[in-house]
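Here's a quick briefing to keep beside the viewer while you click around. Take a look at the sequence and the fold first, then work through the points below.

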Amino acid sequence: MQSVQDIRQRLKNQNQEHVLRFWGELNNEDQEKFLRQLNSIQIERVNELFERADSSLTQLQKTYLDDKMKPIPSSQFQSEESCSVKILETYRNRGLEEIANGHIAVLLMAGGQGTRLGVTYPKGMYSVDLPSGKTLFQIQAERIRRLQTLAKEKTGKTGNIPWYIMTSGPTDKQTEKFLKTNNYFGLNPNDVVLFKQGLLPCFDFDGKILLDGKGSVALAPDGNGGIYRALAHNGILEDMDRRGVKYIHVHSVDNILVKVADPVFMGYCLSKNADCGAKVVKKNGPSEAVGVVCQVDGHFQVVEYSEITEQTANLKDNKGDLVFSAGNICNHFFTVDFLKEIAKNHEDKLKLHVAKKKISYINDDGELIKPTSPQGIKIEKFVFDVFEFSKKFVTWEVPRSSEFSALKNGDSAQKDCPSTARNDLLALHKYYIEKAGGTVGANEVEISSLLSYSGENLEDHVRGKVFESKTVLFSKEELNMQIENEL
């Protein structure tokens, strides 16, 4: 560990010497703690990151991308809704075969706190008040378990789906404790691997590092694009090799409808020999503020709504559909080899994104200031910014009603909130039940993920039945456990 003299000189060389202005006011214990934090920060790299991010922000403000954009070629795009049942079954069987062989893992990006939801714990621990009371973590863990069962039923082979969970400094301990307390929701603890994404200092608009205490640099997670550095830094890529994992499904924690390790999506990507794939939904209109997957200068990327003009957003083809309609939902396929290539050769080339935020900080008088308007900068990387490095990129369009309902805001927003997430899941379950021959009188019937992954295995449970009240259709295993608990 470098001494405070060495750190002071490095900070001075980077015009960040103000970071130590309260050093003399700290006691020995706080000095030691602060020194450890400063030793963990690559000061020179951090300054370089700010300069790159500031440059990219300036460039973005000057230009739109309209003239450089082209839609996804038909050879690299397919829609679930236009596929025949036979083709879908072929993709699904391919995915289940790979699961049974232990070649597929799930990587859950769960570093976000529930701040916008109005809670102080990780988003994955949130419950949208379903009849079962299940949290996002439980729903997703049970989908993994159900999928393992489906793969065994199809192939006769037992293959586990490792569950990698990327946390952040603020969410790591709570997530670990929550999963342990709930016995990993029935998954083998050895197949659940937590690792933390990196942290970066926060800056003011002039590029000066902010303090959130006299002996503490203000830090923030480096965005979901921090996944690539974190995979290498934490030995996760080696762990995947050791387990024989070849393909990864990566998704964010806050989509309540996510089909974890979706065998159809995985099978589609594998059939196309893809190294990178994106699941997308059709934009619900030209003004929907969602990024679209497209080509820019011959490379694939996600273009945000703010990066194009209204005219381009409204462009339509000869069928009357939006030209740029492939809405990004943070749901991706990667080969492990592709992830290795990114970590080794491209991670330091990823675009940097600047987020202007209200960041609490210590002023020159040592007072904690809580600003009422954005006065600071957080630098982030985005997971989808690796698309441009793909040698074989594909997209898979899925229905929004069965695949995407984000949980980002409190109910007061009336959009992407607990109420919409809950209603969307229950509406999907109602569709599954009625397709299997049942009748739902009210939109209050939930299907346990352990009973059905995507509508299968329901006929014997619902055919000819009418559900008029709030109900949960549990698996046999869950019902047996309830009986044991009552005895």
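What follows is a short tour of one strand, one threonine, a small sheet and a pocket.

Keep in mind that this is a predicted model. Two spots sit well out of sight of solvent: strand β11, with 6 of its 6 residues buried, and T167, at a relative accessible area of 0%. After those come an open sheet of 3 strands and the second largest pocket, with about 890 Å³ of space.

**Strand β11 and its partners**

- β11 covers residues 247-252, and since 6 of the 6 are buried, the strand is largely enclosed by the rest of the structure.
- Both of its faces are covered: Y247, H249 and H251 are buried on one side, and I248, V250 and S252 are buried on the other.
- Strand β3 (residues 104-109) runs parallel to β11, and 6 bridges join the two. If you want a pair to click on, L108 has H251 as its bridge partner.
- Strand β15 (residues 326-335) runs antiparallel to β11, with 5 bridges between them. Here H249 stands opposite F333.

**T167**

- You'll find T167 in strand β4, which spans residues 163-167.
- Is T167 buried or exposed? T167 is buried, because its relative accessible area of 0% falls under the 20% cut-off.
- Its side chain makes a polar contact with the side chain of D172, at 2.6 Å.
- Leaving aside residues up to four places away in sequence, T167 touches A110, G111, D172, T175, L194, F195, K196 and Q197.

**The open sheet**

- The strand order is β7-β19-β16, and the pairing is antiparallel.
- β7 (203-204) and β16 (353-357) are the edge strands; each has a single partner, so one side of each is left without a neighbour in the sheet.
- β16 is joined to β19 (residues 376-380) by 5 bridges, and K356 in this pairing stands opposite I377 of β19.

**The second largest pocket**

- Which residues lie nearest its centre? They are E80, K259, Y432, K435 and S454, out of 26 that line the pocket.
- The elements giving two or more residues to that lining are α4 (85-100), α5 (136-155), α9 (263-271), α12 (400-403) and α13 (418-435).
- By type, the lining residues split into 12 nonpolar, 4 polar and 10 charged.

Conventions:
Residues are numbered from 1 along each chain as its sequence is written. This is a predicted model: local features need pLDDT of at least 70, side-chain atom pairs count only at pLDDT 80 or more; totals for chains, interfaces and linings use all residues. Side-chain values use heavy atoms; hydrogens and water are left out. Buried means under 20% relative accessible area, exposed over 50%, partly exposed in between (1.4 Å probe, protein chains only). Helices (H or I, at least four residues) and strands (E, at least two) are DSSP runs, numbered from the N terminus. Two strands pair if DSSP finds at least two bridges between them. A polar contact is a pair of N or O atoms within 3.5 Å; within protein, one must be able to donate a hydrogen and the other to accept it, and residues adjacent in sequence count only if both atoms are side-chain atoms. Contact means heavy atoms within 4.5 Å. On a 1 Å grid over the protein atoms alone, a cavity is a set of points where a 1.4 Å probe fits but cannot get out, and a pocket is an open set with protein on both sides within 12 Å along at least five of seven lines; lining residues have an atom within 4 Å of a point. Grid points are joined across faces, edges and corners, and a volume is the space filled by probe spheres set on the points. Ala, Val, Leu, Ile, Met, Phe, Trp, Tyr, Cys and Pro count as nonpolar, Asp, Glu, Lys and Arg as charged, and the others, Gly among them, as polar.
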